[in-house]
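Student: Could you take me through one part of this assembly in detail, beginning with how the copies meet and then turning to a sheet?

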Number of protein chains: 6
Amino acid sequence: MRPSGRAPDEMRAITIETGYTKHAEGSCLISFGETRVLCTASVEDRIPPWLRGKGEGWVTGEYSMLPRATHTRGQREAAKGKQSGRTQEIQRLIGRSLRAVVDLKKLGEHQITLDCDVLQADGGTRTASISGAWVALRLAVDGLLKSGAITQDPITAKVAAISCGIYKGTPVLDLDYPEDSSADADANFVLIEGGKIAEAQATAEGAPYDEEGFLRLLRLAQIGCAQVFKAQGEATRK
Amino acid sequence: MRPSGRAPDEMRAITIETGYTKHAEGSCLISFGETRVLCTASVEDRIPPWLRGKGEGWVTGEYSMLPRATHTRGQREAAKGKQSGRTQEIQRLIGRSLRAVVDLKKLGEHQITLDCDVLQADGGTRTASISGAWVALRLAVDGLLKSGAITQDPITAKVAAISCGIYKGTPVLDLDYPEDSSADADANFVLIEGGKIAEAQATAEGAPYDEEGFLRLLRLAQIGCAQVFKAQGEATRK
Amino acid sequence: MRPSGRAPDEMRAITIETGYTKHAEGSCLISFGETRVLCTASVEDRIPPWLRGKGEGWVTGEYSMLPRATHTRGQREAAKGKQSGRTQEIQRLIGRSLRAVVDLKKLGEHQITLDCDVLQADGGTRTASISGAWVALRLAVDGLLKSGAITQDPITAKVAAISCGIYKGTPVLDLDYPEDSSADADANFVLIEGGKIAEAQATAEGAPYDEEGFLRLLRLAQIGCAQVFKAQGEATRK
Amino acid sequence: MRPSGRAPDEMRAITIETGYTKHAEGSCLISFGETRVLCTASVEDRIPPWLRGKGEGWVTGEYSMLPRATHTRGQREAAKGKQSGRTQEIQRLIGRSLRAVVDLKKLGEHQITLDCDVLQADGGTRTASISGAWVALRLAVDGLLKSGAITQDPITAKVAAISCGIYKGTPVLDLDYPEDSSADADANFVLIEGGKIAEAQATAEGAPYDEEGFLRLLRLAQIGCAQVFKAQGEATRK
Amino acid sequence: MRPSGRAPDEMRAITIETGYTKHAEGSCLISFGETRVLCTASVEDRIPPWLRGKGEGWVTGEYSMLPRATHTRGQREAAKGKQSGRTQEIQRLIGRSLRAVVDLKKLGEHQITLDCDVLQADGGTRTASISGAWVALRLAVDGLLKSGAITQDPITAKVAAISCGIYKGTPVLDLDYPEDSSADADANFVLIEGGKIAEAQATAEGAPYDEEGFLRLLRLAQIGCAQVFKAQGEATRK
Amino acid sequence: MRPSGRAPDEMRAITIETGYTKHAEGSCLISFGETRVLCTASVEDRIPPWLRGKGEGWVTGEYSMLPRATHTRGQREAAKGKQSGRTQEIQRLIGRSLRAVVDLKKLGEHQITLDCDVLQADGGTRTASISGAWVALRLAVDGLLKSGAITQDPITAKVAAISCGIYKGTPVLDLDYPEDSSADADANFVLIEGGKIAEAQATAEGAPYDEEGFLRLLRLAQIGCAQVFKAQGEATRK
């Protein structure tokens, strides 16, 4: 029995509010239940030094939690003077996941930074971030296409992410915080619409898992991402 | 003529949405026009070392802008590894302003941290932060009173802040970004309901001002803060 | 009754020893009573990146206290690895104040850095810094004019600063440390010779103040700055 | 055809030289082909603050590359003043992987830090680190058991790690640098002797992969880890 | 021929002005020619953690140059966020040199920090710092003895330092900046009154030196330190 | 009697294993008894900004201890976010010592970085580092000559370093850790083959020393370095 009363393969409600901020070239506020992340896509003409002169663009991600997004207040990383290992790990995952569906040559010499700022956390902040970042990216790229800055759509597919885990012996989909904090295994899947996998990470927290356990988590992720793809499509009409 | 078409003594619309996040003891999303700040109040039992054993509490403020709250994306201070002078200056102002209306003895050995995170910036972020922080503080203190953690209300009055400036020779109230970026003088006032001043800061940007100019700005601030006090009262029913 | 026995509108003795160090293009050791600040002006040909190609110069300020300038030894900011919010706030104020009296176009592509290092602190270190920085700036600019590096004087007026405060209910001029540490309100004024105001900052520490209180502090500041302007003139024969 | 001429399921030679340094409670120099990592286990009596009074121990990992472990010299992280996201991600993985086979209660109030310093890199440094760290840990724990500091063996199983990837369309085992830098997908598996999985991470670099691809990589990892378990056993005679 | 016209064994004028700042327990402004260093001794009751409970004290040194102590302005180490290797090397030397003449047991549980801040640099700042730090220390210890905080004098002797070097082939005493910047070898000696050596450091800059060269530098240092000991004695009447 | 049973003028065994790592242009693992340092020379085409356009090269050194090179584990400097004063002092010494035997003009516009990483420490790590760095440098320069990147040998001589000290009243050569930690005086000499001195540093730790003591330490250093020169020659066949 899940603390929320959900069935093992039941997602929380997903909502995506596009255009949440006025300055970003693309933005949305995405919610997976009570987890709420503000995702913005910022387009810049300068690209990282190692790409100069190649005619390619770049897509990168940044992630942060507001100090009181969580049950107890966390110290600001800006005040501590450095980003935690967890933050950096998530940032790298966001960038990698989005680049998996972008043809950097078609993007031309533009850099798009996807900022994912968690306003409220209740489990699954990194997967909501990736899922929302795609929406912000889609909107920003639509703008580039509309303005003629680029002529071919560099986005090759939708990408979405979801967490799964083994909670009290049962594989469950879309962990909320009470589940996440006591799961035996915790997995994050980044899937590409059409059935491919961009990233799979499954960690034993309490007890190691086996191949079958892994495959059951992957099945749940496929169920969950299908719903995210639908929500992304409705939000961007694509 | 102001870019927005407002009269010189006309504020932008103020909205305050309380309870914006579920974990904080008090929270609101405050808007002054298109400037939007998420303010949370976090209550902790530990107090700063220098206050230990005195039976007093502490109120402090923190401030940050999301990287894409502004026209062009700014680098995260956490990534740079330090907070800018501007950020620190504003944080100190928020803390000082709120402490001006709190009896720290009545607060008992609690620390309340007021986090002001700017989701969207269009001028006046520090004054919106102070005004919203009071609402978050009021809600958190109501909780402490209700739970019996403290027995006397430590808040002595409302405090609100507003920016004013001399724009193309005319003193105007509540500067938005286009005004702020080209004003001759830029002032921030922190006023206490009942007519007192907690803080006044007036800086000549383009041309120095004189005593009369200063007094006209103060008059505008009194007009503006009256409206903020009203909105704070409605939001907290106090 | 002030701890020092001074009348409410009585300044401490001001002394300005010019040419205190041999390497700087302009320098002085300024004392307001026992507060002693070494101010140097360094002229460099490189200007900040955002000014390049505009034919303009820049004036900026830096501030530091020696570790034992105060009653108890403070840790070096260089050892801590960062400058405090207070230091950064004062640095920004010094730069802004001096730029208020400099025509940056006439300065040409030169950057002048005003370093204010407090050798001994007894209240009013930031105002002594600004007042002494003007002298160092004046001397450095005289050198530029004499050498023909610039042909028009970019300094438009004298600028001076003084602190005032409400001490035991009475507005007083030029607070020393015992007054500063227990004042109800604490103000710093940066005035331009001729009657204009470059910056006014008045903070309630113990009890909020009102408009009349503010104006009485401003009157005191005008009395005090008149004396600083005189001392600046004598030191630089201008 | 692999650059090294190896068969797809062929590991590089594994060598483990135990007792490589004299001060550490356990140590080895592990080589996977030309990748060489010095792993040391340091036992300390102090444990992290959050564990105090629980009668449990802790196992953590640290990782670094010598500046010239790689083709071109990298700047020292100590000189840069911070550890990269990659370093922190690997450190977290090492700690998590080893804790998966340690009963922290049986370890008692001891902290064991596993330092993995890469002397020479040729692909697979993180997996060699985990595999070697287990040997260092085993030796250190043997010492604790022998000295009577603990009475029950807290290590529940062997843990080993190996990288696999899809190189030019073919799943291959134990990637070396030339393969790693151009693989379509790159996976790291941390397996526990007996068939369980502690961690699986599979990232699409060039092209996304599918479920079958993932399973083929897992099969290769099982083949590879069997050989690592054997080498670990020979090195520690367990 | 030395640029200053001095004889090879001729020191620059030494002046020591004691009591230069009012807050420090001991202080002096020491000048070796145009090199001017403010040295303060701060006494604190807390000692470093590793000495707690041993009934001993500690003496440590810190060193900094004001940004415009030199020909061209240097960036503040506090702004850079770290102290240079040179600064740290000098700090360590100052502490070590002074501890060579202090009986830490007789000092009791007090820590004395010797801050050496260079107001103007013209070569030999580290040796002036050590020589001046002894004076500040002597004055601070006199205060401890007078107040009864300690009963036995912990200072066992005078310590002084001087630089020497091989300039255009000739060993010379007390290098000024023009000599220092083009010397073939550069040495710093820390001598104890009575003939012993606390520290000798001789570095070949342009051309290596030999044993005889070293001994000639040592002879010069003995001549120079004799004069410093005399000046220290006159300044402290010891 | 020395703890190791060695005669006062007896070195520990020196071994030098060249080509220890495959990526560096020159490398060796040098051992002075149980002190083991991995030295690599990395050649790069870019030179420091201040040398650009002069047609000269640069040689610099870096130094680090692995966290468990010592008896008790030390925190990583990368984790602390800064290098200690000791590390920086040693790095500066390594660079200076090697530059003493390199004609930077003949090196052309190449920078050679000598990384000295201590795998195991038992006293004398800085002197082993310098001695091993020469071997790595020699090998890297041989490669430059062989490839034709430079045409004249920029290395003018061998350089070696050794520690000496006064242990229980007796001058001894090549201190190991037990001697180093309780010596009365501790000296490091950097000598150039042929009899010249590049650097001499002698520090009184417990009791000050005199001129004769210094000379006896220098004699021991000459004996020791002769053996290092021989080992360097055998390792590089020069």
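Student: What percentage of the interface residues of chain E are also interface residues in chain C?

Tutor: This is a predicted model, in which local features need pLDDT of at least 70 and side-chain atom pairs count only at pLDDT 80 or more, while totals for chains, interfaces and linings use all residues. Residues are numbered from 1 along each chain as written, chains are lettered from A and ligands numbered from 1 in written order, and side-chain values use heavy atoms without hydrogens or water.

The figure is 100%, so the copies meet through the same surface. Chain E can be laid on chain C with an RMSD of 0.0 Å by a turn of 180° and a shift of 0.0 Å along the axis (least squares on C-alpha atoms with pLDDT of at least 70 in both), which is the relation of a two-fold axis.

The open sheet has eight strands (DSSP E runs of at least two residues; helices are H or I runs of at least four), in the order β7(B)-β6(B)-β8(B)-β9(B)-β9(C)-β8(C)-β6(C)-β7(C), with antiparallel pairing (at least two DSSP bridges). Because β7 of chain B and β7 of chain C stand at the edges, each with a single partner strand, one side of each lacks a neighbour in the sheet. Within chain C, β8 (185-192) and β9 (196-204) pair over eight bridges, and C:A187 has C:A202 as its bridge partner in β9(C).

Helix α6 (211-236) of chain C packs on the sheet, touching β9 of chain B as well as β6, β7, β8 and β9 of chain C, where contact means heavy atoms within 4.5 Å. The direction of this α6 makes about 140° with that of β6(C), on a scale from 0 to 180 degrees between N-to-C directions of lines fitted to C-alpha atoms, for helices over the stretch in contact.
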